[in-house]
Amino acid sequence: MRRFRNILVYAESATAESLEGVIDLAREHDAALSICDVIAAPPSTPDPDGVIEHLKTTSMQLAYERLSGLCAPYSRSLAIDYTVLTGTPFLAVTEQVMMQGFDLVVHISDTGTHGGLNPTGMHLVRKCPCPVWSLPGVPAFRPRNIVLAVDRNLAGSGARTTAMAMAQAAMAASVAAGDSTRLHLVHAWQPFAEGLLQDSRHGLSETDIDDCVAAQDLDHQRWLSELADKLAQEAPGCVIETCLHRGEVTEVVPDVARETGAELIVMGTIGTSDVPGVLIGTRAEGILSTTRIPVLAVKPLGFKSPLRFEALDRLAAVVGTAISRREVKAS
């Protein structure tokens with residue numbers, strides 16, 4: 001189980017009650033907890049009468065009052081920092097993560113137009129360097145019934161896939177509500193060249209096709225069973241159940257989540273790609289844009305956000321200069 005040390009909540013849409021699960025998580029992990037809101041940055045147009053500045057000040061004040069009210073029920077039992085940021089929400093939140101080293105972002109928001117994550121939530125999942133626990137239209141509570149959606153890289157060695165699944169299991173165990181959590185290990189697969197199987201031009205007999213598909217199915221069963229054994233060591237407090245389905249992942253994962261009454265979907269957001277900072281895969285995107293179940297999106301080891309920020313660049317330059325001066329002095 002991974003231990004969280006520094007948690008950031010972006011309370012885009014939240015009530016005090018909706019924070020209860022996050023407060024409980026911070027207490028259990030003895031983690032620092034910060035809650036933020038984001039207001040629009042004022043335009044750079046002329047403001048001779050100070051109206052824009054007045055509106056900015058009022059917006060900041062109202063946002064602080066809202067955050068103070070959200071934190072009030074818990075302030076006596078837990079130290080909570082809260083702050084108001086300005087700018088584009090996903091950029092402001094991601095910059096805070098990169099500057100202050102948050103290891104979990106909790107995004108409480110309304111759902112998007114068609115359900116699922118709203119645009120800010122999608123951006124955070126794609127580009128924020130730490131795990132993102134997205135709560136579209138639901139309160140943050142500790143789940144006991146979790147779907148863990150795993151992908152498989154059939155073109156590679158599989159080591160990266162296993163490492164990704166292990167990281168997902170560790171995250172699931174970290175946010176789960178204690179022991180006896182049910183972890184549904186879900187994998188969707190499709191036969192190679194499935195679109196050709198019903199085309200007589202392939203020249204294969206039905207027996208050849210059936211045997212080939214059966215062999216692939218058995219291979220996926222063995223792989224998933226071996227993976228479940230490994231994950232049991234990573235999440236010893238969880239009861240792991242395997243769910244292997246033939247079909248498209250964007251349909252299989254939501255279906256299993258509904259059938260099992262899952263309270264959380266844990267998934268890797270860039271599949272098995274070896275490219276740091278690559279955007280979220282289209283299959284994962286299809287799930288995130290429609291699900292009404294909370295999602296915990298996990299990044300693989302070595303993931304780097306594609307975003308760059310001037311403040312971080314300036315800080316890196318200062319640190320680099322200081323190191324160079326120390327090296328010169330030492331020589």
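Buried means under 20% relative accessible area, exposed means over 50%, and partly exposed lies in between (1.4 Å probe, protein chains only). The model is predicted: local features need pLDDT of at least 70, side-chain atom pairs count only at pLDDT 80 or more, and totals for chains, interfaces and linings use all residues. Residues are numbered from 1 along each chain as its sequence is written, and side-chain values use heavy atoms, with hydrogens and water left out.

**Exercise 1.** Find what share of the chain is buried, and how its contacts are spread along the sequence.

Solution. Start with burial: 46% of the 331 residues are buried. Next, take contacts (heavy atoms within 4.5 Å). Among contacts with a separation of 6 or more, 83% join residues 24 or more positions apart.

**Exercise 2.** Place leucine 33 in the fold and decide whether it is buried or exposed.

Solution. First, locate the residue: leucine 33 sits in strand 2, residues 32-39. Strands (E, at least two residues) and helices (H or I, at least four) are DSSP runs, numbered from the N terminus. Then check its cover: leucine 33 is buried, because its relative accessible area is 2%. Finally, look at its surroundings. Leaving out residues up to four places away in sequence, leucine 33 touches several others, including Ile7, Val9, Leu78 and Ile80. The C-alpha atoms of leucine 33 and isoleucine 7 are 5.0 Å apart, although 26 residues separate the two along the chain.

**Exercise 3.** Work out where aspartate 208 lies and how accessible it is.

Solution. Begin with the element: aspartate 208 belongs to helix 6, residues 206-234. Now its accessibility: aspartate 208 counts as partly exposed because its relative accessibility is 42%.
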